[in-house]
Amino acid sequence: MNTSGKLTKEEGASAKATMANAPEEGNPDMKVRFKFFRRHFEALTNILVLVLSIILIVWISFDTFYHHDILENHNYMVFQFWVCVFFMLDFFIGLRKATSKSHFLWTRIWFLLLSIPYLNIINALHIQLPYDVVNFIRFVPLARGGLAIFIVMRYLNSNAIQSLFMAYIIIMVFSGYFCSLVFYQAEYMTNPQVTSYWSALWWSAMNMTTVGCNIEPVTAIGKIVAVILPLIGMIILPLFTVYITNMVTSMVHQSRQNT
């Protein structure tokens with residue numbers, strides 16, 4: 001035992017080895033705690049995104065149905081601003097955790113663009129825009145909320161095929177609902193054929209299924225939506241046919257194997 005208060009070379013080397021091995025011995029426990037915290041943090045973030053998205057969608061829908069001026073609603077403007085800030089924060093957290101940041105940025109850039117609080121920027125800078133353009137911009141957070149719900153549903157569903165099928169259903173439902181709100185806001189009191197929101201919803205459903213409707217849009221925004229909806233329908237609806245065909249084929253194949 002060295003009583004001189006100084007470490008010999010052997011003792012110094014042993015001490016350094018002990019200090020180097022100490023973190024390694026504690027690493028497994030720390031990794032488990034980190035994974036536990038990360039998993040629960042992601043779950044909490046997804047829940048908050050889902051709740052905020054639903055509140056935002058309900059609020060926008062309510063103001064659209066009752067024709068409230070969104071720019072004059074201070075409470076909504078404040079709420080939308082902080083929701084957009086949270087959406088952007090969620091995007092950058094995902095970017096920070098992504099293994100391939102370039103791939104994440106390329107595939108999720110729309111999430112960031114839809115999370116920018118455009119209305120707040122327009123209001124703060126006193127930018128004068130046409131009424132139809134402002135009404136269209138007000139629905140941008142609704143699209144971001146729909147994408148957020150889409151991501152959460154895929155996160156909760158472990159089956160890849162079912163997850164993809166649910167994703168297409170969510171895209172179809174939200175696209176139809178989103179376009180019906182935009183069409184109603186633009187055409188109501190201008191188009192005599194649009195007497196209520198239900199007329200707009202019927203028009204949206206018929207155009208998404210590419211069947212067509214006897215209601216003709218008269219505004220520029222309405223005509224743009226009338227082009228977008230059938231395109232969405234032509235892309236999404238055939239995918240349901242493929243999914244159902246594969247499901248039936250798989251069931252028939254499984255039943256033949258059982259017999």
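## A tour of a nine-helix model

Start by selecting Met-77, Gln-80 and Phe-81 in helix α2, which meet Leu-119, Asn-120 and Asn-123 in α4. Contact here means heavy atoms within 4.5 Å, and helices (H or I, at least four residues) and strands (E, at least two) are DSSP runs numbered from the N terminus.

Before moving on, a word on what you are viewing. This is a predicted model, in which local features need pLDDT of at least 70 and side-chain atom pairs count only at pLDDT 80 or more, while totals for chains, interfaces and linings use all residues. Residues are numbered from 1 along each chain as its sequence is written, and side-chain values use heavy atoms, with hydrogens and water left out.

**The whole protein**

Zoom out and colour by secondary structure: the protein has nine helices and zero strands, in the order α-α-α-α-α-α-α-α-α along the sequence. Of its 259 residues, 34% are buried; buried means under 20% relative accessible area, exposed over 50% and partly exposed in between (1.4 Å probe, protein chains only). Switch on a surface and you have about 16600 Å² of accessible area, 68% of it from carbon and sulfur atoms. Such areas come from the Shrake-Rupley method with a 1.4 Å probe, and for residues only the protein chains shown count as cover. If you compute a contact map, take residues at least 6 apart in sequence: 65% of those contacts join residues at least 24 apart.

**Around α2**

Return to α2 (residues 74-97) and α4 (residues 118-125), whose axes are 9 Å apart and pack at an angle of about 125 degrees. Axes are lines fitted to C-alpha atoms, for helices over the stretch in contact, and angles run from 0 to 180 degrees between N-to-C directions. The pair is therefore oblique, given that angles under 35 degrees count as roughly parallel, over 145 as roughly antiparallel, 65 to 115 as roughly perpendicular and the rest as oblique.

Now add α3 (residues 101-113): its axis comes within 10 Å of that of α2, and the two cross at roughly 170 degrees. α2 and α3 are therefore roughly antiparallel. Show side chains for the residues that make this contact, including Met-88, Phe-91, Phe-92 and Leu-95 of α2 and Phe-104, Leu-105, Ile-109 and Phe-111 of α3.

**Two buried stops**

Select Ile-70 in the loop between α1 and α2. Is Ile-70 buried or exposed? With a relative accessible area of 4%, Ile-70 is buried. Not counting residues up to four places away in sequence, Ile-70 touches Asp-63, Tyr-76, Met-77, Leu-119 and Arg-138. Draw a C-alpha to C-alpha distance from Ile-70 to Asn-135 and you get 8.6 Å, across 65 residues of sequence.

Then pick Thr-64, found in helix α1 (residues 9-65). Thr-64 is buried, at 0% relative accessible area. Beyond its neighbours within four places in sequence, Thr-64 contacts Arg-138, Phe-139, Leu-181, Tyr-184 and Gln-185.

**A surface patch and a loop residue**

Which residues form a nonpolar patch on the surface? Select Ile-121, Leu-125, Ile-127, Leu-129 and Val-133, which together have about 390 Å² of accessible area. Patches are made of residues with over 30% relative accessible area and no salt bridge (a side-chain nitrogen of Lys or Arg within 4 Å of a carboxyl oxygen of Asp or Glu); like charges are joined within 9 Å, nonpolar side chains (Val, Leu, Ile, Met, Phe, Trp, Tyr) within 5 Å. Val-133, one of the patch residues, lies in helix α5 (residues 131-137) and is partly exposed at 35% relative accessibility.

While here, click His-126 in the loop between α4 and α5. Its phi is near 55 degrees, a positive value in a residue other than glycine, and His-126 is exposed at 63%.

**Towards the C-terminal helices**

Select α8 (residues 197-208) and α9 (residues 220-258): they pack at about 45 degrees, with axes 7 Å apart. That makes α8 oblique to α9. In α8, show Trp-203, Ser-204, Asn-207 and Met-208; their partners in α9 include Val-225, Leu-229, Ile-232 and Leu-237. In the loop between these helices sits Thr-210, with a positive phi of about 60 degrees although not a glycine; Thr-210 is partly exposed at 45%.

End at Met-172 in helix α7 (residues 160-187), partly exposed at 23%. Leaving out residues up to four places away in sequence, Met-172 touches Met-208, Ile-236, Leu-237 and Phe-240. Met-172 and Leu-237 are 65 residues apart in sequence, yet 8.5 Å apart from C-alpha to C-alpha.
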